[in-house]
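Let's take a walk through this one together. Have a look at the fold first, and then we'll go through it piece by piece.

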Amino acid sequence: EEIHTFTEVEQLGEAIRSMMIRGSGAIGICGAYGIFLTALKSNGNAQAVKEAGDLLKSTRPTAVNLMKTVDEMVSVAKGSGEDLISEVEKKAVIILKRQLEFEYKLGEHGAALIEDGDTIMTHCHSGAYGGAGYGGRALSVIRTAHEQGKNIHVYTCETRPYLQGARITALELKKFGIPHTLITDNMSGFCMSEGKIDKIVVGSDRVSANGDLANKVGTYMHALAAKEHQIPFYTATSSHTIDFNTPSGKSIEVEMRNPSEVTQFKGMPIAPEGTNALYPSFDITPNHLISGIITEKGVISAPYETNLKKVIEKVEV
Ligand code: RUB
């Protein structure tokens, strides 16, 4: 595992933009500590903190955890000097502890859905507490089920073009001693049709108020195939990733990345020169394809328009 040191918020922003730091949980925590870094470096200057917040929020538009966390941090950056620094530091620690607590709790709620002998498919890297990346949700569920002594097997999709599933999910599963099989993204339909998959659990970058899910591109096609084969499809998320200000998936901005990330791998061309390519980094899975939304407050089922508000905001709708 490599260790990188960031001394400027701009470097941290670039690390998120370039995918050196990725995953909605991890970038949220980086947002919090990017604000703390700026508070320290500016000797507690509220304007500098606000500008750092704008910079950090612009780095990955789809993942709402980053936006919410940065807004929370900026809102406590009042006054100036040592007072501001101390408030910002306290908040960053609260956010870090809260996220870990969410991951443990949602892991337990989600693990209750997993039965002994299940084979679970996941997409991209939505890590586990104590994993290779910082934080994550889908593997928190899988890791908890494994630690409860359930005999499970995981299919991890490689997740083109960045290969988060092959590089990071497989690494975490190996670290936790969870048996797993790597497949390319386009093999999931075959595996489902052959009866190899019992359940699917993916992470989330944003869940809109009606339960539509934004997650790594490829998630939608897995959900469609799961519907055809009547395989339960869950997203593991936290209340911080549910965005009541976004009515449906239609209003979620999908980050479009540089097509060269599709035509090249680590700078090596894998397509003829001049080939047109497209890289939507996320896709939207509509709520009717989702069997349940696993959160730290429990597993929420349809109708999501009302149940998300009831469980997360404790309001009758
Ligand atoms: C990662 C991705 C993950 C979610 C969930 O995309 O789509 O499934 O972020 O993350 P990217 P977590 O690699 O482009 O950031 O559960 O870790 O918060």
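How much space lies in the largest cavity? About 60 Å³. Keep in mind that what you're looking at is a predicted model. With a cut-off of 30 Å³ or more, the cavity count comes to one.

So who sits around that cavity? The lining is made up of N65, T69, I95, R98, Q99, F102, R137, S238 and H240. Two elements each give two or more residues to this lining, namely α4 (64-76) and α5 (81-111). Of these, α5 brings the largest share, with four residues. Sorted by class, the lining has five polar residues, two charged ones and two nonpolar ones.

To place the cavity in the chain as a whole, turn to the domains. The domain assignment splits the chain into domain 1 (9-101) and domain 2 (106-313). Both domains give residues to the lining of the largest cavity, so the cavity lies between them. The centres of the two domains, taken over C-alpha atoms, are 25 Å apart. As for the contact between them, 23 residues of domain 1 touch 25 residues of domain 2.

Before leaving the N-terminal part, stop at the loop between α1 (9-17) and α2 (24-41), where you'll find M19. M19 isn't a glycine, yet its phi is positive, near 75°.

Now for the sheets. One of them is an open sheet of seven strands with mixed pairing, and if you read across it the order is β3-β2-β1-β4-β7-β12-β13. At the edges stand β3 (180-183) and β13 (298-300), each of which pairs on one side only. From one strand to the next, the twist averages 25°. Zoom in on the β13 end: three bridges link β13 to β12 (residues 292-295), and the two strands pair in the antiparallel sense. Within that pairing, I294 has V299 in β13 as its bridge partner.

Helices come up against this sheet too. Helix α6 (residues 138-147) lies across β1 (119-122), β2 (153-157), β4 (199-202), β7 (233-236) and β12, and runs at about 160° to β1. Helix α7 (residues 164-176) also packs on the sheet, where it touches β1, β2 and β3. The direction of α7 makes about 160° with that of β2.

Follow the chain between β2 and α7 and you come to a loop that holds P161. The peptide bond leading into this proline, from R160 to P161, is cis, with omega near 0°. There's another cis bond further along, from A302 to P303, again with omega near 0°. P303 has its place in the loop between β13 and α11 (304-313).

P161 turns up again in the second largest pocket. Which residues line the second largest pocket? They are P161, Y162, R167, S260, E261, Q264, F265, K266 and G267. The volume of this pocket is about 190 Å³. Both α10 (260-263) and β9 (264-265) supply at least two residues of its lining. By class, the lining of this pocket has three nonpolar, three polar and three charged residues.

That leaves the other sheet. Four strands make up an open sheet here, in the order β8-β5-β6-β11, and its pairing is mixed. Why is one side of β8 and of β11 left without a neighbour in the sheet? Each of these edge strands, β8 (242-243) and β11 (282-285), has a single partner strand, so one side of each has no neighbour in the sheet. Further in, β5 (residues 206-208) and β6 (residues 213-216) run antiparallel and are joined by two bridges. Look for R206, which stands opposite A214 in β6. This sheet has a helix packed on it as well: α9 (residues 219-228), which touches β6 and β11. The direction of α9 makes about 30° with that of β11.

How values were computed:
Residues are numbered from 1 along each chain as its sequence is written. This is a predicted model: local features need pLDDT of at least 70, side-chain atom pairs count only at pLDDT 80 or more; totals for chains, interfaces and linings use all residues. Side-chain values use heavy atoms; hydrogens and water are left out. On a 1 Å grid over the protein atoms alone, a cavity is a set of points where a 1.4 Å probe fits but cannot get out, and a pocket is an open set with protein on both sides within 12 Å along at least five of seven lines; lining residues have an atom within 4 Å of a point. Grid points are joined across faces, edges and corners, and a volume is the space filled by probe spheres set on the points. Ala, Val, Leu, Ile, Met, Phe, Trp, Tyr, Cys and Pro count as nonpolar, Asp, Glu, Lys and Arg as charged, and the others, Gly among them, as polar. Domain bounds come from an automatic or database domain assignment. Two strands pair if DSSP finds at least two bridges between them. Axes are lines fitted to C-alpha atoms, for helices over the stretch in contact, and angles run from 0 to 180 degrees between N-to-C directions. Contact means heavy atoms within 4.5 Å.
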